[in-house]
Amino acid sequence: MARWAPVAAVAAVTLALPPLLSANHLAIYILLGLAAMVTVGLSLLMGYAGQVSLGQASFYAIGGYTAGLLSVHSLPPLVGLLAAPLVSAAFATVVGVPLLRLRGHHLAFATLAMQLILLSLLSQADWAGGAIGLQGIPRLSVGGHEFADDTSYAYLVWAAVALTLLVARNVVASRPGRALRALATSETAAAASGVPVGRYRLTVFALAAAFAGLAGGIYAFYLGYLAPGSFPVLLSIEYVVMAVVGGLGTLWGALIGATAIILLVQVLNTLGTQPGMPSYAPSVLSYAGYGLLLVLVVLFLPHGIVPAARDRLTRFRARNRPAEPVAPEP
């Protein structure tokens with residue numbers, strides 16, 4: 001019961017917040033949930049498979065465009081939402097076969113190039129709306145129930161967050177999850193122990209893309225409009241910062257990191273739009289905020305917020321544990 005108490009508390013707060021938030025804060029709450037979904041997959045990819053991706057927003061875009069295009073062409077919106085993670089995972093599997101042969105910064109640059117190519121293709125594709133964007137995406141409806149307001153989308157988003165956390169937790173706790181932990185420690189040792197390194201890396205890459213695709217599908221129905229500019233390279237970097245700040249390879253770290261970065265961005269945007277500030281102030285402050293926060297975390301919390309908090313809690317419990325009575329000598 002004590003183990004599940006924090007989960008129950010977070011779930012209760014999550015369910016209670018949407019009716020209490022204003023329209024602007026509710027929109028931020030929805031975007032926070034979408035970012036958390038993407039960050040959960042990226043935390044698995046970087047924390048367990050040891051692969052850095054600077055193009056995670058490309059899978060987010062693929063999921064959004066898949067759901068939007070299918071619904072615009074008269075298919076049920078639920079079909080588009082279900083197809084979004086599948087198409088994103090399939091695309092990640094295809095491109096992952098050559099890309100995952102790379103390591104380190106070479107892989108990071110390759111995923112960044114993948115996103116730039118995708119955005120260029122979307123901006124030139126008339127069937128995707130081109131640079132103007134894909135318009136007329138209907139509202140999501142399931143079984144005759146239409147998600148017509150932000151409150152219903154907030155519940156939908158956080159239900160999807162719970163689903164991604166559950167899937168990720170089951171993967172980590174399974175036998176492949178133990179193999180992934182060995183893979184993160186040493187690929188050579190994992191391969192020597194019989195772990196199919198290439199297959200597991202590709203599987204985690206596709207799973208992270210599926211999480212991003214599901215978030216992108218919900219995003220498409222929530223906004224009703226998509227454009228290549230909705231998925232900039234900065235968004236992929238933002239996801240990486242979220243995963244690193246929260247703690248790679250931890251599920252709670254994805255939520256904590258996404259919350260910290262989203263709230264920081266909102267504070268900096270509010271500060272940058274104050275009277276007298278130049279027009280470029282919000283973007284400059286965002287870059288500076290990302291950089292400063294990342295430097296502080298690397299210097300003082302090198303493993304992220306959640307692992308650092310867990311270590312300090314463990315040391316606190318060890319110091320305050322009552323000493324065992326010493327048995328008298330016979």
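In the predicted model, Gln 124 belongs to helix α5, which covers residues 104-124. The relative accessibility of Gln 124 is 63%, and because residues over 50% are classed as exposed, this residue counts as exposed. Between Gln 124 and Ala 184, which are 60 residues apart along the chain, the C-alpha atoms are separated by 39 Å. Gln 124 also falls within a segment, residues 107-132, that the unreviewed UniProt entry annotates as "transmembrane region". Over that segment, 69% of the chain is helix and 0% is strand, while the C-alpha atoms at its two ends are 31 Å apart.

The same annotation, taken from the UniProt record, also covers residues 26-45, 81-100, 152-172, 204-227, 239-267 and 287-309. In the segment made up of residues 26-45, the chain is 100% helix and 0% strand, with 29 Å between the end C-alpha atoms. For the protein chain as a whole, the model contains 13 helices and two strands.

The overall dimensions of the chain can be described in two ways. Along the principal axes, the C-alpha atoms fill a box of roughly 90 × 50 × 45 Å. The radius of gyration of the protein chain is 21 Å, and this agrees with a compact globule, because a globule of 330 residues would be expected to have a value near 20 Å. Of the 330 residues in the protein chain, 45% are buried. Among contacts with a separation of 6 or more, 77% are accounted for by residues 24 or more positions apart.

The surface and the charges of the chain were also computed. The protein chain exposes about 16,800 Å², and carbon and sulfur atoms supply 69% of that area. There are 16 positive and 9 negative side chains, and the centres of these two sets lie 12 Å apart.

Met 242 is placed in helix α10, which comprises residues 233-246, and the position of this residue also falls within the annotated segment 239-267. Met 242 has a relative accessibility of 0% and therefore counts as buried, since the cut-off for a buried residue is under 20%. When its neighbours within four places in sequence are left aside, Met 242 is in contact with Ala 35, Thr 39, Gly 253, Gly 257, Ala 258, Ile 261 and Ile 262. One of these contacts, Gly 253, is 11 residues from Met 242 along the chain, and the C-alpha atoms of the two residues are separated by 8.4 Å.

A second buried residue, Ala 190, is counted as such because its relative accessibility is 1%. Ala 190 is found in helix α8, which spans residues 187-192. Not counting residues up to four places away in sequence, Ala 190 touches Ala 182, Leu 183, Val 195 and Val 197. Ala 190 and Pro 98, by comparison, are 92 residues apart in sequence, and their C-alpha atoms are 21 Å apart in space.

Ser 74 lies in the loop that runs between α3 (56-72) and α4 (77-99). With a relative accessibility of 69%, Ser 74 counts as exposed. Although Ser 74 is not a glycine, it has a positive phi of about 75°. Most residues other than glycine have a negative phi.

Terms used
Residues numbered from 1 in each chain as written. Predicted model: local features only at pLDDT ≥ 70, side-chain atom pairs only at ≥ 80, totals over all residues. Heavy atoms only, no water. Helix = DSSP H or I, 4+ residues; strand = E, 2+ residues; numbered from the N terminus. Rg over C-alpha atoms; globule rule 2.2 N^0.38 Å. Buried < 20%, exposed > 50% of the residue type's maximum accessible area, 1.4 Å probe, protein only. Contact = heavy atoms within 4.5 Å. Areas by Shrake-Rupley, 256 points an atom, 1.4 Å probe, with all protein chains shown as cover. Lys, Arg positive; Asp, Glu negative; His and termini not counted. Charge placed at Lys NZ, Arg CZ, Asp CG, Glu CD. UniProt positions renumbered as here; feature names shortened; annotations may be inferred.
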